[in-house]
Amino acid sequence: MPSVAENGVVAPLPTKSLVPGTSQEKLDKDAKFWWGITGYYLAVMIDQAGYSIERQYEVLLFHYQWIVPRLGPAPHPDSSPAFKAFIAYDGSPLEYSWKWNTSKGEPDIRYSWEAIGPKAGKAADPLNHDPSLDYMEKVTRALPNANFSLYRYFLAQLYDPDRTVYAKELEQGDPATMQEWDAAIRKLNPDGKHPGRDALITFLATSREGRLMKPNVMGMDNVEPDKSRLKMYFTSAHTSFKSVREIMTMDGIRDISEESLLDFHDSNSSRKFYLTTRKYGADDLTIAQNLVTWMKAHGRGTYTDQSLAMMETLCSHRGLENGKGMHASINYQCTSEGEPDVKSYISPELYHKARRYVTMKNGCSNNFRQ
């Protein structure tokens, strides 16, 4: 069976018998490009994370059928984007994450992605909403328990159906504001109490650090609304431990000791802390080595060799030691189990200047530089 295989890692090419109604011949030239590079990288990650062969096939088949055809136009031969997605800092249409294993567990591979349509960024679809809505309408055939009710609710509450109003606002950033988010949240339960919301609003209004935080992204779990978590992400220019303490404790609402803070460990806090390593970190090799050292020191070193091998493969276009950016950010979240969740968010650098894509009759192919 054909595959996108390098170094012994196989990303299987689905056939009609495996995925009804889907075959390699039905992928257009752009989708063939995305399968060749994102399918390969995903295969490397789930293989190094210890996924079973059966689970690897399941993950890759879903990626092939549901994600690859929706990633938009392939890059130009000089590696510049035909369309810059909103999901990643460099315009890539997806960003991977390696959720580190606990002392007794295994890594978990995830990725965020943005569906890109032919009218993305144009007057007909300036915010590129249509391809995501199309995906949500169809993917329930494969994921019957997925529920996008909250997404559709907030889309209706926060965005004007007249899309022409966003042409100018896009030049200035996301048109949604914290006030608009808050109004939509309160409408979900107009006669009830909102203790979580009340605590957040108070913190943002009264805390020194809270007043400096800027809303960035709102997210939710795509499950039944009464089981979904609403998540709001904020950015801060401050990176000191003092600012982290004030934000993580919401100015003292949660008690975190200095010792716990320095170790980034406290099971009482449910907040997440992201460090944008592509801005503040050293080169990618140093970041990877420091993460490995921390994991080993905390009894979580089982997959450190595999993680390094994975990063070296994904960064073969320039080498980990030759810059930073593959590590987009590091996420730390305390849990009730005692061991914190740690995730490495990884940019595939699909548009890096060191990449070159060979122009072929049927589109761009990957040129993996060693």
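## The overall picture

Twelve helices and nine strands make up the secondary structure of this chain. Keep in mind that you're looking at a predicted model. Of the 370 residues in the chain, 45% are buried. If you take the contacts with a separation of 6 or more, 64% of them come from residues 24 or more positions apart.

## Where α2 meets α3

Let's start with a pair of helices. Helix α2 covers residues 53-67 and helix α3 covers residues 130-139; the two pack with their axes 12 Å apart, at an angle of about 125°. That angle makes α2 and α3 oblique to each other.

Who does the touching? On the α2 side it's Phe62, Trp66 and Ile67, and on the α3 side it's Tyr135, Lys138 and Val139. Sorted by class, this contact has five nonpolar residues, one charged residue and no polar ones.

## Helix α11 and its two faces

Next up is α11, a helix of 14 residues running from 284 to 297. From first C-alpha to last, α11 reaches 20 Å, close to the 20 Å expected at 1.5 Å a residue. Its buried residues are Asp284, Ile287, Ala288, Leu291, Val292 and Met295. These residues sit on the same side of α11, because they cover an arc of only 135° around the axis. The general rule behind such patterns is that an α-helix has 3.6 residues a turn, so residues three or four places apart point the same way.

What covers the buried residues of α11? The cover includes two helices, α10 (277-280) and α12 (304-314), along with the strands β6 (327-333) and β7 (341-346). Flip to the face turned away from the buried side and you'll find the exposed residues Thr293 and Ala297.

## A similar look at α4

Helix α4 spans residues 149-158, and its buried residues include Leu150, Phe154, Leu155 and Leu158. These four cover an arc of only 135° around the axis, which puts them on the same side of α4.

## His194, in a loop

Now for a single residue outside the helices. His194 lies in the loop between α6 (178-188) and α7 (195-206). Is His194 buried or exposed? With a relative accessible area of 16%, His194 is buried, because the cut-off for buried is under 20%.

As for its neighbours, leave out residues up to four places away in sequence, and His194 touches Ile185, Arg186 and Asn189.

Note on methods. Residues are numbered from 1 along each chain as its sequence is written. This is a predicted model: local features need pLDDT of at least 70, side-chain atom pairs count only at pLDDT 80 or more; totals for chains, interfaces and linings use all residues. Side-chain values use heavy atoms; hydrogens and water are left out. Axes are lines fitted to C-alpha atoms, for helices over the stretch in contact, and angles run from 0 to 180 degrees between N-to-C directions. Angles under 35 degrees count as roughly parallel, over 145 as roughly antiparallel, 65 to 115 as roughly perpendicular and the rest as oblique. Contact means heavy atoms within 4.5 Å. Ala, Val, Leu, Ile, Met, Phe, Trp, Tyr, Cys and Pro count as nonpolar, Asp, Glu, Lys and Arg as charged, and the others, Gly among them, as polar. The expected span of a helix is 1.5 Å times one less than its number of residues. Buried means under 20% relative accessible area, exposed over 50%, partly exposed in between (1.4 Å probe, protein chains only). The arc is that of the directions from the helix axis to the C-beta atoms.
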